[in-house]
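Reader: Please take a close look at the place where strands meet across the two chains, and then set that place in its surroundings. I would like the criteria behind each term stated as you go.

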Amino acid sequence: MSRLAIRVVDLSKQYNIGLERQKNRTLREAIVDAVTGPLRRTAKLLRGQATGAAELDATHWALRNVSFDVPHGEVVGFIGRNGAGKSTLLKILSQITEPTLGFVEIRGRVGSLLEVGTGFHQELTGRENVYLNGAILGMTKREIDRKFDEIVAFAEIDKFLDTPVKHYSSGMYVRLAFSVAAHLEPEILLVDEVLSVGDVTFQKKCLGKMNEVSRSGRTVLFVSHNMATIENLCSRTIVLEDGKIVFIGPSKDAVKFYLESTFEREQPAERGLANKNRWANPEHRKHRSPEDVVSYTRIEFKNPEGETIPFVRSGQPLVIRLHYCVRKAITRPSFGVGISTEHGTLVSYVSTWLCSVEIPVLRCGDGFIDLCIDYVNLMPGRYFLSVMVGGTGPIFYDSIDRCAALIVEETDFYRSGRMLNRNRSIMLLPCHWEPFGSTEENGGPAQKVQNAEQEGLIHL
Amino acid sequence: MNYGEMHTDPAPADQAFMNPPDIHQTKALPTLRIERSQGWVSLGLGELWRYRELLYFFIWRDIKVRYKQTILGGAWAIIQPLATMLIFSIFFGRLARVPSDSVPYPIFALAGLVPWNFFSNGVTQSSTSLVAGSNLVKKVYFPRLALPVSRVLSGVVDFLLAFAMLIALMPHYHIRATSHVVWLPFFLLLALTTSLGVSIWFSAMHVQFRDVQYAVPFLVQFWFFATPIAYPSSMLSQPWRTVYGINPMVGVVEGFRWTLLGTDTAPGPITLVSFLVSIALLIGGTFYFRRLERTFADIV
């Protein structure tokens, strides 16, 4: 007998989508459309060009010839940009929508977690919603009865169990919803990005839960945008792009492939931002000297080997190369680079003057200067660079705000294998801990003992 | 790498994950094939039966939620037909002197209103059920029939309350039930199949044509006057009376009055026509629903 849990063969899904029709710009046009619309729509129905009242004239392939197998017990990740077809795929696998072509064979009971809290009713109490939501997710009443206490304990809402959920804080609501979902016990579990719920502590709890699920021998299909989660939970990952599979392989390779392909795409746009809006537009050049003495022409991100890189991973070295053009010789210039977050907080500013790097003379011509960063200790995310060049004293030759985007990707900066919390901070700290310090003679409160209970240090 | 060892409090829930179903032991896991369904599909009643617990929870939810945050609560189920009865008695009974098959007009009207309210509430509530539950339809799999069916069935509670009031009022008008009462379940069933049939049609249609939500209240009003509630069907002469039975609610209302009030509307051709139409509506509606069901998640 086959050990496959899921076999997907040539799966395609076509959606009808609305064609962009001319928008009603004026009230008159809106009224005219309200009058002629019914006739147009009725005519379409009669001619058999439409099946419903919504005017969906264009078609779009959300999935195109997707084939893959999943053996029993494997945890497979799915990554891809928004609209790549990940959610459509999970919807077909969970029988919510039918494929247009191709087929899927599934062995075992499927449970899907496409969204937590589906079917929660605002007016019902927490207790009642556990039963309702459980039933909706496919649990029997007996199963829910059996797991009820666990569900409530996990959600940490026992005090509010008999309060209608409309009075819950959003955090409590989400905790309860996830908790119900986490207690599904199907052979095959489909999960779509449900871990991004609740506060940080609860997210960690959810991740812990997912980690256990993935090691419990169940088949799991997991969609996420969090690369670190994917790398850690999934043994194999499938990269989707425009409804097609572009990569299947070990998660590490898949993530690398995905990140690189994404940045190849995004990079032109970034350059566009840099070139069109910032470089050429004199408005953004705040202090440009009228004679155009020195001006920046381009920024490049490189690794120490000199290769241009689309993004940098935190903890890795980075070389920022600033190209400039000198039209009139000057003495003792100072080059400066500022790095700010997307929200505009200045993270750091360095200049040759600050670092007392002396450049006695700058002659006419094109040149570049490298800013070498030993390792980037920025949290993953997007940062903007501002550059300036000045002379001695308050003289600015050129200064451009937010002229290039630096993309920092996640790595295991602290070598612990644990998740960074993206929202909490900007910087990663180059540091280490010395935990066993003491002011007492015979060792401090912190002990290096492995089994505290056995050695009688803690009485349970 | 291990997130599990992080600050995760060891909740008892972890046990559930530690002991998954032993999937390697399962020899004959059922294989499910998902592909595009072609043409007409089966009614899928077996599946609906397998999901009966969900159906039960939906009904339970609807009943629980219906009168939440109201003062009068379930009393509304009684007040509505009672108030209508009073108004009808004044305008149709007293002022217009509409005949009432030789029973007092108030009880005559009420015996029609009780099954009618069940029907009209059921139809208005369930015709929008799929769109109202679009969140569910798009995110979870279950037989979609459960949504309109549960809405209709949850109205049974209201019906029973109103029905009890009808029974309680009968002695006041010196009406005693006759042996015809044994036929009552049949007419209850007829009211149920009619409500289900119409609801299933409308709810499926509503997904594609939002016109339904505007048409239904209007249609129900129209339907009300095409049903002998405020007046007796004896005002019509044969063969129109039998044709009249095409509206299955005619059979229901006539039957109610015959079994409870002992009017002269014994089951006859009207009842047969009503019965056949009702069954046809239900079966046809279910097929129609099942045929469209596959598109619901995409267009709802």
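Author: Two strands are said to pair if DSSP finds at least two bridges between them, and the elements themselves are DSSP runs numbered from the N terminus, helices being H or I runs of at least four residues and strands E runs of at least two. This is a predicted model, in which local features need pLDDT of at least 70 and side-chain atom pairs count only at pLDDT 80 or more, while totals for chains, interfaces and linings use all residues. Residues are numbered from 1 along each chain as its sequence is written, with chains lettered from A and ligands numbered from 1 in the order in which they are written.

The pairing across the chains joins β4(A) to β1(B), the latter covering residues 31–35 of chain B, and the two strands run antiparallel over five bridges. One residue pair fixes the register for inspection: R107(A) has T31(B) as its bridge partner in β1(B).

Around this pairing lies a wider interface, in which 62 residues of chain A are in contact with 47 residues of chain B (C-beta atoms, placed from the backbone, within 7 Å). On the chain A side, the elements that give two or more residues are α2 (86–93), β4 (101–107), α3 (126–136), α4 (141–155) and α6 (200–215). Of that side, the largest share is contributed by α6(A), with nine residues.

On the other side of the interface, chain B has one strand together with 13 helices, and its elements, read from the N terminus, begin with a helix, continue with the strand and are helical from there on. The C-alpha atoms of chain B fill a box of roughly 85 × 45 × 40 Å along the principal axes. Among its contacts between residues at least 6 apart in sequence, 81% join residues at least 24 apart. Of its 300 residues, 45% count as buried (20 or more other C-beta atoms, placed from the backbone, within 10 Å of the residue's own).

Two of the helices of chain B illustrate that burial. Helix α5(B), residues 105–127, reaches 32 Å from its first C-alpha to its last with 23 residues, and 20 of those 23 residues are buried. Helix α12(B), residues 248–261, reaches 20 Å with its 14 residues, and 14 of 14 are buried; just after this helix, G262(B) takes a positive phi of about 70 degrees.

Strand pairing within chain A can be followed in an open sheet of five strands, ordered β11-β19-β18-β14-β15, whose pairing is mixed. Its edge strands, each pairing on one side only, are β11(A), residues 312–313, and β15(A), residues 346–351. Strand β18(A), residues 381–390, is joined to β19(A), residues 396–409, by nine bridges in the antiparallel sense, and here V389(A) has D398(A) as its bridge partner. Strand β14(A), residues 334–341, also runs antiparallel to β18(A), through eight bridges, with G338(A) standing opposite S386(A). Towards the edge, five bridges join β14(A) to β15(A), again antiparallel, and the partner of G336(A) in β15(A) is S351(A).

Definitions and conventions:
Contact = placed C-beta atoms within 7 Å. Buried ≥ 20, exposed ≤ 12 C-beta atoms within 10 Å, placed from the backbone. Expected span 1.5 Å × (residues − 1).
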